[in-house]
Every structure is written in C-alpha cells, then in structure tokens.
Amino acid sequence: MKKKITILDLQKMKCSGEKITMLTCYDYPTARIMDECGIDALLVGDSVGVTVSGYDNTLPVTMDDIIYHSRAVARAKPKSLLVADMPFLSYQTDLREARLNAGRLVKDGGAEAVKLEGGENMADCIKAIVDMDVPVMAHIGLTPQSIHRMGGYRVQGKSETAGEKLLADAIAVQNAGAFSVVLEGIPRNLGRMITSELSIPTIGIGAGDFCDGQVLVIHDILGLCEKYSPKFVKKYADVKTVISDAVSRYAAEVKAGAFPTEEHSFS
Ligand code: KIV
C-alpha cells in the first residue's frame with residue numbers, strides 16, 4: 001500500500017531528482033481520483049474562487065470557503081500531502097491572526113500544510129506559523145492576490161533587478177522556514193536559477209521545466225475553465241465537451257419521454 005506523503009518526502013524528492021506532482025483539488029471525488037493516480041500533493045487553492053465560485057479573481061475567497069473545501073478533500077483521506085491556501089486578508093494584517101488562521105486550516109480543515117503568497121515581506125509571518133509547527137509552502141512571482149499591484153496577471157521577474165528581487169524573496173522564505181516554494185509566472189531561466197540556489201523544493205506553475213515539481217489548476221487541465229488560458233496551461237482533456245454531451249442527451253431524452261424507462265423505475 002502506498003504510504004502517506006509528508007513534507008519530508010518532498011524534500012527527499014528534491015534531493016533525489018524525482019519530480020514532484022501537485023494539482024489543485026477542491027472536493028472529495030476529485031481527491032479520491034487524484035490520490036489513486038499518485039499525485040504527490042493536493043492544493044486546496046484559493047483559485048477555487050475563480051474556478052468553482054465564479055469570482056473574477058481570488059480576493060473574495062474566505063477562510064470558511066477554504067475550510068469547507070479542505071474538509072471535503074481531507075475526507076478522501078489522501079496519501080497525497082494536503083496543502084491549503086491562506087486566503088487574502090487571513091495572514092497579512094497581523095501575526096496572531098495569521099497563526100490562528102493557519103491553525104484553523106489544520107484543525108478545522110484537515111490540512112497538513114498551508115500556503116501563503118509573498119517573499120521577504122512575509123518572512124516574519126512564515127516564521128510565526130512555522131514556529132507553531134504548521135509547515136508553510138511559500139508562493140512568489142506572479143502572486144494572484146497581488147493582482148492590483150501587478151496591474152493584472154503578468155509574468156514577473158523579467159528584468160535583471162526584478163529577477164534578483166525574486167531570488168532574494170526565495171532565499172528569505174527558505175530562511176524563514178518554508179518547506180517549499182511555489183514559483184509562478186516567471187522566466188524559465190529564473191526558475192532554474194532559483195531552483196539551483198535553494199535547498200527546499202520549488203514547485204513551478206509557468207516557471208519552466210527546471211523546477212523541482214509542477215502544479216496546475218485541475219479545471220485548466222480538464223478544459224473546464226474558459227475565463228483565462230495562460231500560456232503555461234496544457235489541456236489534457238476536454239471535459240466540458242463530455243459534460244455538455246451528457247447534459248444535452250439527458251435533456252433531450254427527458255423532453256422526448258425516452259427517460260426514464262422501466263429499467264430506471266421501481267415496480
Ligand atoms: O490557488 C491556486 O490554485 C494556486 C496555484 C495556482 C499555485 O495558488
């Protein structure tokens with residue numbers, strides 16, 4: 001039987017060169033499938049606000065939203081590491097609140113680690129959470145909660161100065177005790193440089209092939225999210241067409257009186 005994956009296993013994977021797989025996951029049935037497929041880490045991302053709840057960005061997502069989805073994923077008892085996102089305003093205002101909210105994600109949401117956005121500016125926050133033994137995955141580069149500062153979802157770290165700043169951010173989160181860091185929307189070579197400078201694993205999303213692992217949003221790889229289609233997304237299936245086909249056939253059969261038949265009725 002496959003054994004439970006912990007943060008120590010992700011570290012071992014970096015050291016041995018085995019790539020780490022992570023996907024976003026927001027519900028029980030998908031968690032079961034992903035776990036059966038051997039995905040190393042499931043991320044209850046605040047992208048749930050866009051993919052599932054239909055918001056324009058991740059800013060409206062609340063702690064209760066993440067806890068609700070994290071609980072559903074945890075009920076699948078995945079062997080995969082369960083990481084839950086800290087939503088906007090759950091950690092930026094003060095350290096006590098950050099610790100309380102990180103603790104809630106573990107205690108009420110069943111998460112085994114939390115993820116938060118920010119580099120040097122969040123080092124104190126990361127340290128405060130790690131000090132109470134909650135593992136933290138950091139997230140730097142294109143950080144969706146900073147959409148208004150960035151002026152949209154733009155590739156980060158393109159200039160030499162911006163690249164150096166991102167390297168400093170990566171080192172700061174590592175020194176603060178993060179067990180891993182997501183690198184989002186940065187040039188491939190910067191992803192390579194940061195990955196080789198850090199001793200903790202890097203998980204890339206639009207950060208090239210040199211990262212220690214990769215993460216994507218499940219709705220994107222299944223072809224279920226039409227709002228944004230970033231260059232880094234690879235569509236592995238067209239589930240929208242599968243759903244449309246099933247829904248259309250069901251509706252047509254009900255209208256025509258072809259469903260239900262005796263087979264689907266009680267005698
Ligand atoms: O919320 C999310 O889905 C994320 C990933 C894109 C890394 O933060």
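**View 1. The ligand in its pocket.** The ligand takes up the space of the largest pocket in this predicted model. Here a pocket is an open set of points on a 1 Å grid over the protein atoms alone, with protein on both sides within 12 Å along at least five of seven lines. Local features need pLDDT of at least 70, and side-chain atom pairs count only at pLDDT 80 or more. Side-chain values use heavy atoms, without hydrogens and water.

**View 2. The shell around the ligand.** Around the ligand (a heavy atom within 4 Å) you will find residues including Thr24, Leu43, Lys115, His139 and Val217. By class, this shell has three nonpolar, four polar and three charged residues.

**View 3. Polar contacts to ligand oxygens.** Each pair here joins N or O atoms within 3.5 Å. A side-chain N or O atom of serine 47 is 2.5 Å from a ligand oxygen; for aspartate 46 the distance is 2.9 Å, and for aspartate 85 it is 3.0 Å. The protein buries 96% of the 260 Å² that the ligand exposes when taken alone (Shrake-Rupley method, 1.4 Å probe).

Methods
Residues are numbered from 1 along each chain as its sequence is written. A polar contact is a pair of N or O atoms within 3.5 Å; within protein, one must be able to donate a hydrogen and the other to accept it, and residues adjacent in sequence count only if both atoms are side-chain atoms. On a 1 Å grid over the protein atoms alone, a cavity is a set of points where a 1.4 Å probe fits but cannot get out, and a pocket is an open set with protein on both sides within 12 Å along at least five of seven lines; lining residues have an atom within 4 Å of a point. A molecule sits in a cavity or pocket if more than half of its atoms lie within 2 Å of its grid points. Ala, Val, Leu, Ile, Met, Phe, Trp, Tyr, Cys and Pro count as nonpolar, Asp, Glu, Lys and Arg as charged, and the others, Gly among them, as polar.
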